[in-house]
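Please follow the chains with the model open beside the text, taking one local feature at a time. What follows is a guided reading in plain paragraphs.

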Amino acid sequence: MSTAALSQLASLNEERLSFEGRIQAMEAVVAGSNPKACAGDFIDLLPHIGPFITALKRPILMSQLPWTAEDSVATRWIYDVCHRLAVVGRETGAAIALSDPSGRMLAAHTLFYMGEALKCEIAIGVQKPHDYAGLHAIMKWAISHRCECARIALALDGAVAACTIEGLYFRALLLADFAGGNLSCQQIEILDAWIVMWMPMIRSARICPPGAPRRADLDSEAGLRRGPRTDGGPSLYLPQPPIEKAYRAIVQALHEGQVLPEKGLASEFPVEEHVAVLEVIREALARSRGDYAPRHDRRPASVIVEAHVGIEEIANSALSTPDRRQFGARRPTDIIFEHKRRLLHLVDVSELGLGFEEAETPRGEITLGDIIAVRLGPASPVVALGKVVRRIPVTEQGGFSLGVRILSKAPQRVVVAPGTATKNAAAPVLIYVPGEDDSGRHDGFLVSERDFAQAGPISVCVGASIVTLRFNRVRDRGRGWILAGFEILDARAAGSRSAEADPGLTACAARH
Amino acid sequence: MDFIVAFVLTYFLVALAIANRGWTGLAPRGARAAPVIADNSHVTPPPPRPAPAHPPARADAWRVPNSPQARTRDRYVAARFPGIARRAADLAKLERVIPAARLFFEEGQGDRAIELLDLATEEYPDSDALRLAQLEIAFLLRDAALFCDRAREFRQVLPQSPEWSEIARLGRHIAPGEPLFGHGIQSPERSECWPATPNWIQMSWDLAAEVLAAEFHRESRRGASHCAEGSLDMTEMEVVS
């Protein structure tokens, strides 16, 4: 390590220790007889610790490399500090007189730190139980003092943001909702930047708007829920139109070639990450409009299954015929090349998804957007093919909880006629993913990004026919793969004259 | 003596007025609905923003080739519409864009179809094919506000288009009473049913491809005996040793 790096590390450690000392002092005051004495110090801390936290996050989030142990330690430190400050803020707020002018600032800062801590859970795992009751208590206090909409200037990410207690309250609840593993650390920062940017537009309603809007039950210990409350308790609803307006404004800005916000950490992330967050918001908005069916029942399970990740591995292992590849058995090549299997603990099942827990695997991490297949038993013909849509740490030792959305329960490897495929020397590996509809309009092919980009018309063997098709759209995509829609250009019998003229097609038909 | 008393009184009154203005006179009267509480007493103000190196982006800065805005727009188009366009200029390929928009619409992603055509129209505002396709999708989505909005734009940009009569015919169905579309002749029985659409979205009249797709689906499912689909039955699952 260079001298400059060492001195930078020493400086960072010194600053960390300094902040920890200040927080410890506040904790001591809160535990003593006069908690309100630390209100000033508490409010004064944000403009100092905020930029330091951003400076810690920037190199971690901008790096394309896997996280190092130091990155994990730094993230854990950010969580601990924000969590402790939220506790200090709550206890100080509870102790000061309700009419104290610093009450609003205390409430705003406390809500801010709660949100910051929640964001870290994507990296360090969900820290249950969440203090939702504490969040609701602050909001109830603000409502009773009619200051929930009062604008409060907070120094965030190098600029002054116009916040409200109501906005910061819903920010924390929304971050808790989205920090369940379906956004990456970069993406949650983007979402947070948008929430802060549009905070003045976040206004709740006491009466449930049409559809299934998100709802906060003020007398509960739960986070956001959906739809109207039926027991008549006090709830706040998030109306859709302002959020949709904000969504459209962000899309319009991207049409004009601008990333929003224009400054700050989130503006430095790739456009592709912004698009991914927009997609998640679009789905959430559609769900709030009531366009989505309710979630299917989950059934608990407790089995170990072997998972295959990536198109090549799925095609060669999970979808190979049972006589060639006994489920769970090790092939001679596995032993020679020390091929280690990736075993996952299946913990719940529904018709649309699978929930896994993954111990630290010797074969590399499974990450958001990976394509994954599991055969559900030695005798079972069912191979579930799915996309990893949720991933969150569950243990300090590196285990992860994975949520997989099932794309198909009957994927098939397709034989491609040699020489008819892409500009690559090798024929593409294709996996046929049938849709639910018998018309075939929802069918697709799983194909690598590279093959999709280079593919012209492709001939595949189906039964006694040879079908020429062309990919024409992307139905879904993830890390290195695309689920491509297609159109059929031609179909003919394998023995027809045109097929015989092409030795590749004849060979293909013979193999099939 | 009276002069000194008057001077001292005036001094205090002026000082009081200045102090009073300092507390209350800074904010305009009309801006008190949502009080801004700046904790000037406690919070150190954030560092001032550095002056921008270049003037703020205008809404059409993306039209400048190779500008940062153009590059951002290109990356957005590629990420949002993979497989259809790798950069905004690819949206000129109408034979690809319009069928793609139609497929989005058919798969229940009407908003995506409209956005794709919006982007393409921004690139090529004089293309009537793009605008007509967008109008037809707005019509099929039964979105009267969107249809009227796009029809108004169409009339403004392409006032001499021979397709206007067709647009007006659809407009009278989706937004009856809208002055933009005039009062065409409609028999009562015809106005009840949904009118025929002009196929500006290039839907194929040839059903062969759809028949082939259904056959492909059936053959694929039949041919894969070892890949039978089933429900996720827990009894099928066994522990891997």
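A:Pro261 sits in the loop of chain A that runs between helix 8 (240–255) and helix 9 (271–288). In this predicted model, the peptide bond that joins A:Leu260 and A:Pro261 is cis, with omega at about -10 degrees. As a background to this, most peptide bonds are trans, and most residues other than glycine have a negative phi.

The second part of that background leads to chain B, where the loop between helix 8 (188–192) and helix 9 (208–223) holds B:Asn199, and where B:Gln202 also lies in the loop between helix 8 and helix 9. For B:Asn199, which is not a glycine, phi is positive and near 60 degrees; B:Gln202, again a residue other than glycine, has a positive phi of about 60 degrees. Are these residues buried, exposed or partly exposed? B:Asn199 counts as partly exposed because it has 13 C-beta neighbours inside 10 Å, and B:Gln202 is placed in that class because its C-beta neighbours inside 10 Å number 14; a residue is called exposed at 12 or fewer such neighbours and buried at 20 or more.

Back in chain A, helix 7 (residues 185–197) offers a check on its own geometry: at 1.5 Å a residue, its 13 residues should span 18 Å, and because its end C-alpha atoms are 19 Å apart, the expectation and the model agree. Helix 7 of chain A is also mostly covered, with 11 of its 13 residues buried. Among those buried residues are A:Ile188, A:Ile190, A:Leu191, A:Trp194 and A:Ile195, and the list also includes A:Gln186, A:Glu189 and A:Asp192.

Further along chain A there is an open sheet of six strands, which pair in the antiparallel sense and follow the order 12-13-14-17-16-15. Its edges are formed by strand 12 (412–414) and strand 15 (458–462) of chain A, each of which pairs on one side only. From one strand to the next, the twist averages 45 degrees. In general, the strands of a sheet pair through backbone hydrogen bonds, either parallel or antiparallel.

At one edge of this sheet, strand 15 of chain A is joined to strand 16 (residues 465–477) of chain A over five bridges, in the antiparallel sense, and A:Ser459 stands opposite A:Thr468 of strand 16. Helix 10 (residues 311–318) of chain A lies across strand 12, strand 13 (430–433), strand 14 (444–448) and strand 17 (481–493) of chain A, and runs at about 80 degrees to strand 13.

Key. Residues numbered from 1 in each chain as written. Chains lettered and ligands numbered in written order. Predicted model: local features only at pLDDT ≥ 70, side-chain atom pairs only at ≥ 80, totals over all residues. Pairing = 2+ DSSP bridges. Helix = DSSP H or I, 4+ residues; strand = E, 2+ residues; numbered from the N terminus. Axes fitted to C-alpha atoms, helices over the stretch in contact; angles between N-to-C directions. Contact = placed C-beta atoms within 7 Å. Expected span 1.5 Å × (residues − 1).
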